[in-house]
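Q: I should like to learn how the features of a protein model are read. Could we work through an example together?

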Amino acid sequence: KHGDYNTAFFEPYVNLTGTVGPASIKLGVNYAWKQSALLDGNGEKASSFYAHVEPTIGIPNTPFSLVGHAGFAKSDAFPGGPDGDVFDYSIGGSASYKMLSFGISYVNTDVGNGMKESLGADGAVVFSLTAAF
């Protein structure tokens, strides 16, 4: 719970992954049925659906990979954005060195210009650094 709002909801998901040579792909689906943390514009419980695909292509004999993500959300609550449908995407790359992984991606959505600022949906470049022990 965050202030007066219930922010906890149950959203089971299924992911499938596969690999062919240096390429791998992950396909996933998330679904949250009608619950009190997902309210539509009239204060009624809403459901949420999200499907995504995430390809990764390793560049042979290098520590570099190309990574991508494309997702689609449909909901009358906040996950669906102002019109009930949101397409999100990212494209970038990663590099590994010993136990470290460095990443850079451009991420964005199709939320219209009039709503981006109020929803925090501007496109951006995201950097990451991960250590595996």
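**Reading the model**

A: The secondary structure of the protein chain amounts to one helix and seven strands. Please bear in mind that this is a predicted model.

Q: In what pattern do these elements follow one another along the sequence?

A: The order along the protein chain is β-β-β-β-β-β-α-β.

Q: What share of the residues in the protein chain is buried?

A: A residue counts as buried when its relative accessible area is under 20%. Of the 133 residues in the protein chain, 25% are buried. The accessible surface of the chain comes to about 9000 Å², and 62% of this surface belongs to carbon and sulfur atoms.

Q: How is a pair of aromatic rings described?

A: The description rests on the distance of the centres and the angle of the planes. This structure holds two aromatic pairs. In one of them, the ring centres of Phe10 and Trp33 are 5.4 Å apart and the planes stand at 55°, so the pair is tilted. Phe10 belongs to the segment before strand 1 (13-20), while Trp33 belongs to strand 2 (residues 23-39); the pair thus links distant parts of the chain, 23 residues apart.

Q: Are Phe10 and Trp33 buried or exposed?

A: Phe10 counts as exposed, because its relative accessibility is 52%, and the cut-off for exposed is over 50%. Trp33, with a relative accessible area of 40%, is partly exposed.

Q: Which residues does Ser47 touch, leaving aside those up to four places away in sequence?

A: Ser47 is placed in strand 3. Its contacts, with residues up to four places away in sequence not counted, are Tyr31, Ala32, Trp33, Lys34, Leu38, Lys74, Ser75 and Asp76. Trp33, a member of the tilted pair, is therefore among the residues that Ser47 touches. The C-alpha atoms of Ser47 and Ala32 are separated by 5.5 Å, although these residues are 15 residues apart along the chain. Ser47 is partly exposed, at 25% relative accessibility.

Q: Where does Asn61 lie, and what is its phi?

A: Asn61 is found in the loop between strand 3 (45-58) and strand 4 (64-75). Its phi is near 65°, a positive value in a residue other than glycine. With a relative accessible area of 84%, Asn61 is exposed.

Q: What is the phi of Lys98?

A: Lys98 is not a glycine, yet it has a positive phi of about 55°. The residue lies in the loop between strand 5 (85-97) and strand 6 (100-109). Lys98 is exposed, with a relative accessible area of 75%.

Key. Residues are numbered from 1 along each chain as its sequence is written. This is a predicted model: local features need pLDDT of at least 70, side-chain atom pairs count only at pLDDT 80 or more; totals for chains, interfaces and linings use all residues. Side-chain values use heavy atoms; hydrogens and water are left out. Rings of Phe, Tyr and Trp (its six-membered ring) pair if their centres lie within 6.5 Å; planes under 30 degrees apart count as stacked, over 60 as edge-to-face and the rest as tilted. Helices (H or I, at least four residues) and strands (E, at least two) are DSSP runs, numbered from the N terminus. Buried means under 20% relative accessible area, exposed over 50%, partly exposed in between (1.4 Å probe, protein chains only). Contact means heavy atoms within 4.5 Å. Accessible areas come from the Shrake-Rupley method with a 1.4 Å probe; for residues, only the protein chains shown count as cover.
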